[in-house]
Amino acid sequence: MSPEDTNLNADLMSDETTQAPQTAPGAAGARTAAVIPAAGRGVRLGPGAPKALRTLGGTPMLVHAVRAMAASRAVSLVVVVAPADGTAEVKALLDAHTLPERTDFLVVPGGENRQDSVKAGLDALPPGYDTVLVHDAARPLVPVDTVDAVIEAVRDGAVAVVPALPLADTVKEVEPAAEGPEPVVATPQRARLRAVQTPQGFERATLVRAHETVTDNVTDDASMVEQLGLPVVVVPGHEEAFKVTRPLDLVLAEAVLARRRKNDGF
Ligand SMILES: Nc1ccn([C@@H]2O[C@H](COP(=O)(O)OP(=O)(O)OP(=O)(O)O)[C@@H](O)[C@H]2O)c(=O)n1
Ligand SMILES: C[C@](O)(CO)[C@H](O)COP(=O)(O)O
């Protein structure tokens with residue numbers, strides 16, 4: 001199925017979006033596209049519409065995520081990977097919401113798993129974009145500074161960049177058991193661990209090669225680049241870039257959005 005070109009040509013950026021910087025990061029002329037996998041069901045969130053279409057502060061989560069990418073002045077194309085049977089609905093949704101004029105949008109159908117969906121987004125990318133972000137629709141509130149930090153690190157020469165945070169809890173490796181207590185196998189040194197977020201940023205050719213080479217349903221794009229034996233680096237993530245996965249995450253996301261709106265005078 002060919003991508004539906006959805007150049008939205010909206011006139012204003014929403015005030016819900018974190019303020020964009022005045023200057024795009026990195027070299028002049030370098031072009032960055034963002035691929036947003038949004039084709040998941042959201043099983044862990046519970047019954048209802050596909051997760052990306054559920055609302056946060058009255059606006060679909062996907063629209064927040066698209067605005068978060070388009071808030072970066074470096075991002076000139078956003079490719080939304082929609083549920084396979086929902087591309088028309090997603091296109092209509094984006095048409096109905098205010099998005100920045102400087103950014104182009106495509107909607108393409110997604111696949112069975114996240115890896116397939118990201119690949120569908122990559123396949124739809126036109127030539128001329130040398131830096132690619134992959135951002136979960138399920139991380140609707142990532143601030144623009146985090147997006148720009150990732151882009152800047154790629155443009156400074158890294159082939160793969162992930163935003164990540166140190167862990168608050170001690171982590172145990174266990175022998176998983178269907179029932180009953182699980183034996184602890186190891187306690188990794190917490191200071192060396194990071195919880196990985198998105199957007200993850202890549203030199204385009206590297207990400208394309210990773211998706212052509214690794215075929216075992218990996219949900220983390222950066223780990224596919226690791227499998228190629230190439231270096232991946234971490235830049236600071238942000239607490240508000242958390243993934244809406246379970247019902248409590250939705251409560252937190254609503255609270256963060258309400259605080260932003262209050263601070264912005266809404
Ligand atoms: N076939 C799939 C599965 C997931 N995703 C996207 O990948 C991102 C991260 O996935 P996750 O949060 O795990 O979403 P779901 O797969 O929808 O969640 P669940 O596992 O609870 O069903 C989400 O934006 C989701 O829409 C996708 O595009 N295509
Ligand atoms: C890409 C990711 O969000 C990084 O934390 C994560 O790997 C997605 O995994 P999920 O299993 O689809 O939640």
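Angles between helix axes count as roughly parallel under 35 degrees, as roughly antiparallel over 145, as roughly perpendicular from 65 to 115, and as oblique for the rest. The legends below apply this to a predicted model.

**View 1. Helices H3 and H5 where they pack against each other in the predicted model.** Two packed helices are described by the angle between their axes and the distance between the axes. Here the axes of H3 (residues 114-123) and H5 (residues 204-213) come within 11 Å and cross at roughly 135°, and the two helices are therefore oblique to each other. H3 passes H5 in a left-handed crossing. The contact is made by Val-118, Lys-119 and Leu-122 of H3, which meet Leu-207, Val-208 and His-211 of H5; sorted by class, this contact has 4 nonpolar, 1 polar and 1 charged residues.

**View 2. Pro-126 in the loop between H3 and strand E7 (131-134).** Pro-126 has 12 C-beta neighbours inside 10 Å and therefore counts as exposed, since the cut-off for that class is 12 or fewer. The C-alpha atom of Pro-126 is separated by 9.5 Å from that of Leu-77, a residue 49 positions away along the chain.

**View 3. Helix H1 (residues 61-70), a mostly covered element.** Of the 10 residues of H1, 10 are buried. Among them are the nonpolar-class residues Met-61, Leu-62 and Val-63, and the buried residues of H1 also include His-64 and Arg-67.

**View 4. The surroundings of ligand 1.** Ligand 1 is surrounded by 22 residues, of which the closest are Pro-37, Ala-39, Gly-40, Arg-44 and Ser-117. By class, the shell around ligand 1 divides into 8 nonpolar, 7 polar and 7 charged residues.

**View 5. The surroundings of ligand 2.** The residues around ligand 2 are Arg-114, Asp-136, Val-196, Gln-197, Thr-198, Thr-219, Asp-220 and Lys-243. When these residues are sorted by class, the shell around ligand 2 has 1 nonpolar, 3 polar and 4 charged residues.

**View 6. The chain as the setting for the close-ups.** The chain contains 7 helices and 13 strands, and 44% of its 266 residues count as buried. Among contacts in the chain with a separation of 6 or more, 77% are accounted for by residues 24 or more positions apart.

Technical notes: Residues numbered from 1 in each chain as written. Chains lettered and ligands numbered in written order. Predicted model: local features only at pLDDT ≥ 70, side-chain atom pairs only at ≥ 80, totals over all residues. Near = placed C-beta within 6 Å. Axes fitted to C-alpha atoms, helices over the stretch in contact; angles between N-to-C directions. Helix = DSSP H or I, 4+ residues; strand = E, 2+ residues; numbered from the N terminus. Left-handed = near helix turned anticlockwise from the far one by under 90°. Contact = placed C-beta atoms within 7 Å. Buried ≥ 20, exposed ≤ 12 C-beta atoms within 10 Å, placed from the backbone.
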